[in-house]
Amino acid sequence: MRNSLVKLLLVITLFLAACQVQSSIPSLLSPQAHVEVIGEPLPHDPQAFTQGLLVHDSYFYESTGLVGQSTFRKVEMESGQVLAQTQLKPEFFGEGLALLDGHFYQLTWRNRIGLIYDAETLEEIGSFPVDGEGWGLTTDGQSLIRSDGSATLTWHEPLSFAPIKSLQVNLEGQPVTQLNELEYIEGLLYANVFLTDTILRIDPASGQVLTVIDASTLRQESTKTEINNVLNGIAWDPETKSLYLTGKNWPELYKVKIVDGPLPTATTRP
Ligand SMILES: [Ca+2]
């Protein structure tokens with residue numbers, strides 16, 4: 001009887017350990033970092049199923065998803081107030097968002113089309129074909145860079161969206177799939193890994209993961225009851241050199257800094 005109890009406790013312990021590992025990217029060799037929140041959280045529309053986020057001229061621009069609910073919107077940073085919004089066609093599922101040379105580019109997930117907006121008027125002025133799925137989108141200032149749920153990132157020409165090159169993202173020699181929201185920050189790529197609290201810092205030349213960033217401190221209560229309400233918004237303000245993170249249907253958006261080293265455990269945290 002006692003042996004059975006010990007075995008049961010062991011199984012439960014191993015199960016809990018496995019759950020913890022699955023919630024982040026296991027990495028013993030790669031440099032690790034974690035995020036710390038700066039100041040008070042900013043409000044974020046809890047109805048916004050965030051799929052793309054960026055900062056331009058001190059405003060957030062956001063792409064939201066779900067069929068029948070997808071939008072492209074301009075948001076006041078401090079208040080979270082939606083200042084302008086375009087509702088996508090009901091069949092479109094909004095995804096990644098990038099700004100390049102006076103145009104916003106918004107991906108759709110499986111509609112095989114992307115939308116182009118004038119950056120001044122926010123009017124939709126065109127579209128482009130997408131070969132495959134659209135997940136995250138960002139720009140290095142010359143090309144658009146797309147994730148598609150796999151471990152591969154694809155560089156595209158602006159306007160035509162013609163593919164230029166592809167690159168596989170590897171962590172310790174293994175491809176990392178489910179790359180999602182993207183942000184290009186000072187020469188490096190940052191990517192959410194779908195359904196995890198992990199952001200990867202990636203060398204855009206080699207595809208190698210340089211740092212595994214633990215953002216689990218931001219996890220919302222809603223994530224525990226709705227598996228899809230995950231971390232999924234990375235925005236960099238180049239003017240203030242500030243980094244912002246949020247998630248799907250999260251009521252808050254955070255200004256954060258990335259701190260070297262793993263997240264301190266509860267026992268070592270001050
Ligand atoms: Ca972004």
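Q: What share of the contacts in the chain with a separation of 6 or more comes from residues 24 or more positions apart?
A: Keep in mind that this is a predicted model. Take the contacts in the chain whose partners have a separation of 6 or more, then pick out those between residues 24 or more positions apart. That share comes to 50%.

Q: How many helices and how many strands does the chain have?
A: The chain runs to 270 residues, and buried residues make up 39% of them. As for its secondary structure, the count is two helices and 23 strands.

Q: Which strands sit at the edges of the open sheet with the order β3-β4-β5-β6?
A: This sheet has four strands with antiparallel pairing, and the twist from one strand to the next averages 15°. An edge strand here pairs on one side only. That description fits β3 (50-56) and β6 (82-87).

Q: Within that sheet, what is the bridge partner of Val 75 in β6?
A: Strand β5 covers residues 71-76 and runs antiparallel to β6, with five bridges joining the two. Val 75 falls in that β5 range, and across in β6 its bridge partner is Val 82.

Q: What does the twist average from one strand to the next in the open sheet β7-β8-β9-β10?
A: Here four strands line up in the order β7-β8-β9-β10 with antiparallel pairing. The edges are β7 (94-100) and β10 (124-129), each pairing on one side only. Going from one strand to the next, the twist averages 25°.

Q: Which residue of β9 is the bridge partner of Leu 107?
A: Look at β8 (residues 103-108) and β9 (residues 113-118), an antiparallel pair with five bridges. Leu 107 lies in the β8 stretch, and its partner over in β9 is Gly 114.

Q: Is strand β17 largely enclosed or exposed, and why?
A: Strand β17 spans residues 179-185, which gives it seven residues. Six of the seven are buried, so the rest of the structure leaves β17 largely enclosed.

Q: In the hairpin of β17 and β18, which residue takes a positive phi?
A: The two strands run antiparallel and are joined by five bridges, with Leu 179 partnering Val 193 in β18. Two residues lie between the strands of this hairpin. The one with a positive phi, near 45°, is Glu 186.

Q: Which strand gives the largest nonpolar core its largest share of residues?
A: This core has 50 residues, and those with the most contacts inside it are Ala 191, Leu 200 and Leu 245. Its largest share is four residues, and they come from residues 188-193, which is strand β18.

Q: What is Leu 245 in contact with, leaving aside its neighbours within four places in sequence?
A: Leu 245 is among the core residues with the most contacts inside the core. Its partners beyond four places in sequence are Val 35, Ala 215, Leu 218, Leu 231, Gly 233, Ile 234, Tyr 254 and Val 256.

Q: Does Thr 246 count as buried or exposed, and why?
A: Thr 246 is found in strand β22 (residues 242-247). Outside its neighbours within four places in sequence, its contacts are His 44, Thr 50, Leu 53, Gly 233, Leu 253 and Tyr 254. A residue needs 20 or more C-beta neighbours within 10 Å to be buried. Thr 246 has 28 inside 10 Å, so Thr 246 counts as buried.

Q: How many Å apart in space are Thr 246 and Arg 219, C-alpha to C-alpha?
A: Along the sequence, Thr 246 and Arg 219 are 27 residues apart. In space, going C-alpha to C-alpha, the distance is 9.2 Å.

Key. Residues numbered from 1 in each chain as written. Predicted model: local features only at pLDDT ≥ 70, side-chain atom pairs only at ≥ 80, totals over all residues. Pairing = 2+ DSSP bridges. Axes fitted to C-alpha atoms, helices over the stretch in contact; angles between N-to-C directions. Core = buried A, V, L, I, M, F, W, Y, C linked by C-beta atoms within 7 Å. Buried ≥ 20, exposed ≤ 12 C-beta atoms within 10 Å, placed from the backbone. Contact = placed C-beta atoms within 7 Å.
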